[in-house]
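Subject: Structure for your review

Dear colleague,

Please find below the structure I agreed to pass on to you. My findings on it follow directly after.

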Amino acid sequence: MKKTLILLSFFLSAGVLASNEAVRAYVIEQYRSIIEPLFSSGESTQPKFDTFYTAMVEELPFQQRAERSLELAINRFEGAPDYILKYAENWHGEIESNPRLQTLTTTALNSPLIEIRMAGFELYLAQYDVDKTPEKVDRLIRQFERKPEKNAAGALWAMAAIAARGVDRVKVYDVLIEAIGSESDKVRQGAVEALARFGGEEIIEPLLFVAQNDTSAYIQERAFCGLAQTGTLQVIERYAALPTLIKLAHDPNSTDQELGWIYQALKEISNLYDIPNDPEAWEERLIDVGMLQLQ
């Protein structure tokens with residue numbers, strides 16, 4: 001392999017590839033035999049966030065420690081999310097938001113793995129020094145109520161992130177449910193995004209209601225996304241949305257745009273991508289695999 005790479009380098013630098021077709025063909029063939037296996041499909045490794053990585057991370061200042069541990073979590077180092085959940089509370093006041101941490105946090109919050117999303121929540125709360133306390137929830141509610149349109153996105157999202165960690169869930173849920181009935185698009189959008197982060201099966205029905213009835217196409221789409229992939233719902237919790245999604249797929253009043261969202265949500269929740277956009281086909285397959293029960 002080394003000899004072939006040296007030969008390729010020589011040919012490129014000498015201009016031989018341009019003048020000798022036989023040599024050019026031979027070198028390209030050798031080059032492909034080396035490169036193509038590197039891009040073939042295969043199973044990825046599942047590295048562990050073991051004592052080596054723990055020691056490496058803990059040698060860093062708090063800011064770099066938070067960024068590096070979240071990066072490793074996103075790259076699916078087993079144990080990295082647990083490390084963040086354990087120590088992020090100590091990073092409040094020690095780290096600050098910057099473009100790198102914001103990008104990592106956003107990536108984590110949209111991860112397909114819930115443990116990485118929860119690590120993203122912890123880093124969000126730590127970088128903005130948001131305490132996970134009932135007192136902080138009360139302050140956020142007052143902030144939202146003073147200027148709902150201005151503060152909906154930040155305040156509702158932050159209180160949902162706190163509630164997702166088990167603090168004042170009933171109180172926050174009531175605020176979010178009231179907010180999805182607002183006349184303001186900004187408030188409803190903030191509430192939908194926050195509900196997705198709030199998590200738990202109790203958000204399924206509200207998000208389905210918004211997905212079916214909201215007057216804003218964008219907010220409808222965000223509700224479908226909340227059901228299908230984002231937030232803190234476990235995959236099995238998302239299955240609770242399947243009966244209504246099938247009902248909507250059958251509904252002749254569903255628009256083409258809504259049907260597109262419905263079928264995409266069905267695919268992402270079920271992880272079945274080989275079913276045509278036909279409600280009967282979807283219903284039959286979901287029953288067959290045990291994700292849907294006959295009513």
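The notes below concern two pockets and one pair of packed helices. Please bear in mind that this is a predicted model.

The largest pocket has a volume of about 240 Å³. Its lining comprises 15 residues, and those nearest the pocket centre are P112, A228, V235, R238 and E268. Two or more lining residues come from each of α8 (114-127), α15 (235-238) and α17 (256-270); α8 gives the most, namely three. By character, the lining of the largest pocket consists of seven nonpolar, four polar and four charged residues.

The second largest pocket holds about 160 Å³ of space. E149, K150, A152, A153, W157, K186, Q189, G190 and E193 line this pocket. Both α10 and α12 (185-198) supply at least two of these residues, with α10 giving the most, five. Here the lining divides into three nonpolar, two polar and four charged residues.

Helix α10 (residues 148-164) also packs against helix α11 (residues 169-179), at an angle of about 145 degrees and with the axes 9 Å apart. The crossing of these two helices is left-handed. On the α10 side, the contact is made by L156, M159, A160, A163 and A164, and on the α11 side by R169, V172, V175, L176 and A179. Of the residues in this contact, nine are nonpolar, none is polar and one is charged. Helix α10 thus appears in two places: in the lining of the second largest pocket and in the contact with α11.

Yours sincerely

Terms used: Residues are numbered from 1 along each chain as its sequence is written. This is a predicted model: local features need pLDDT of at least 70, side-chain atom pairs count only at pLDDT 80 or more; totals for chains, interfaces and linings use all residues. Side-chain values use heavy atoms; hydrogens and water are left out. Axes are lines fitted to C-alpha atoms, for helices over the stretch in contact, and angles run from 0 to 180 degrees between N-to-C directions. Helices (H or I, at least four residues) and strands (E, at least two) are DSSP runs, numbered from the N terminus. A crossing is left-handed if the near helix is turned anticlockwise from the far one by less than a right angle, and right-handed if clockwise. Contact means heavy atoms within 4.5 Å. Ala, Val, Leu, Ile, Met, Phe, Trp, Tyr, Cys and Pro count as nonpolar, Asp, Glu, Lys and Arg as charged, and the others, Gly among them, as polar. On a 1 Å grid over the protein atoms alone, a cavity is a set of points where a 1.4 Å probe fits but cannot get out, and a pocket is an open set with protein on both sides within 12 Å along at least five of seven lines; lining residues have an atom within 4 Å of a point. Grid points are joined across faces, edges and corners, and a volume is the space filled by probe spheres set on the points.
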